[in-house]
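Open your viewer and get ready to click along. We will select a few pieces one after another and look at what is there.

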Amino acid sequence: MTTTMNLKTKTILVVGGAVGIGQATALLCAERGAHVIVADFNEAEGKATAQQAGGTFVRVDVTDEASVVALCASIAESHGKLDALVQTAGILKGAYVALEDFELATLRQVVDVNTIGSFLCAKYALPLLKKGQKPAIILISSPAAYGVSSSYAYAMSKGGVSALGTTMAGKLAPEGVRVNVVFPGGINTFMKRSVIEEDAARKGQDPQAAVDAAAQSGLGEPIGVARVLAFLVSDEADYVRGSVSTR
Ligand SMILES: NC(=O)c1ccc[n+]([C@@H]2O[C@H](COP(=O)([O-])OP(=O)(O)OC[C@H]3O[C@@H](n4cnc5c(N)ncnc54)[C@H](O)[C@@H]3O)[C@@H](O)[C@H]2O)c1
């Protein structure tokens, strides 16, 4: 490929790259020539994805500051720079739980992964990104942040991701770091299927039939979002600022 969509010179960190949207993104970026570092706490599938991408795997728990520091220190040693951070690690807990019954521990767990995890990854990857070429940070929010979530915790956590990302976009632009916050629609991954199954089960319906019906009626596939993310980390996306929604 001769266009700038070619990612040949790029070293890209995909956090949460073991499965789902992160996995599809890691594989597509590798296909376009990037060296991909897959970081996840799911070691088995993370290693498999990294191997398929011809890249490297580093175990990380994004809720643990020391673990994120160690991840970035290992990249500093092996590569000395990063051209992009794509932070896709996320969880959804507490779907369909009423506010009166919502456990604070569940809220903290979800915010810890989705919001604090995004903050820690961005914070510690930034010095490496500043050494990269046209560096980009991509955080993944969700339309769930705007009143359509099954979970109070998930909605709140993704609202935080949006606020973090848009604030970083403004503050880091003068330093040459481009930040985008991406809002995927319903995408056929472990996370989405689990929520659909839970909803069907509580309504006394067949969970598998519900997943099949959702897949038929418009659930997107991870590769569709991956194509957007692979574009956003490319130099061709140089003029894209702020929030981007996908199917
Ligand atoms: N699937 C959808 O419909 C949808 C819609 C909007 C936004 N999103 C967001 O997209 C992102 C990817 O979601 P997905 O649907 O691919 O989910 P997924 O469950 O398929 O993948 C999530 C990945 O994050 C990793 N992860 C979770 N907790 C971690 C931790 N503490 N440390 C390191 N890794 C951790 C998991 O191991 C997994 O590899 C998430 O941020 C999610 O909230 C998904």
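Start with a term for the end of the tour: a crossing of two helices is left-handed if the near helix is turned anticlockwise from the far one by less than a right angle, and right-handed if clockwise. The model is a predicted one, where local features need pLDDT of at least 70, side-chain atom pairs count only at pLDDT 80 or more, and totals for chains, interfaces and linings use all residues. Residues are numbered from 1 along each chain as its sequence is written.

**Stop 1: the domains.** Colour domain 1 (11-185 + 221-245) and domain 2 (187-219) separately; these bounds come from an automatic or database domain assignment. Their C-alpha centres lie 25 Å apart. Where they touch, 12 residues come from domain 1 and nine from domain 2, with contact meaning that C-beta atoms, placed from the backbone, lie within 7 Å. On the domain 1 side, α1 and α8 (222-232) each give two or more residues. Helices here are DSSP runs (H or I, at least four residues), numbered from the N terminus.

**Stop 2: the ligand.** Which residues are closest to the ligand? Select G16, A18, G20, G90 and T189, the closest of the 28 that surround the ligand; a residue counts if its C-beta atom, placed from the backbone, lies within 6 Å. Next, highlight α1 (20-31), α4 (104-129) and α6 (190-202), the elements that give two or more residues to this shell. Both domain 1 and domain 2 supply at least three residues to the shell.

**Stop 3: α4 and α5.** Keep α4 and add helix α5 (residues 152-172): the two pack at an angle of about 15 degrees, with axes 8 Å apart. Axes are lines fitted to C-alpha atoms over the stretch in contact, and angles run from 0 to 180 degrees between N-to-C directions. The two helices are therefore roughly parallel, as angles under 35 degrees count as roughly parallel, over 145 as roughly antiparallel, 65 to 115 as roughly perpendicular and the rest as oblique. Show side chains where they meet, including L107, V110 and F119 in α4 and Y154, M156 and L164 in α5.

**Stop 4: α6 and α7.** Return to α6 and add helix α7 (residues 207-216); here the angle is about 125 degrees and the axes are 8 Å apart. The pair is therefore oblique. Is the crossing of α6 and α7 left-handed or right-handed? The crossing is right-handed. Finish by selecting the contact residues, among them R193, I196 and E197 of α6 and P207 and V211 of α7.

Technical notes: Contact = placed C-beta atoms within 7 Å.
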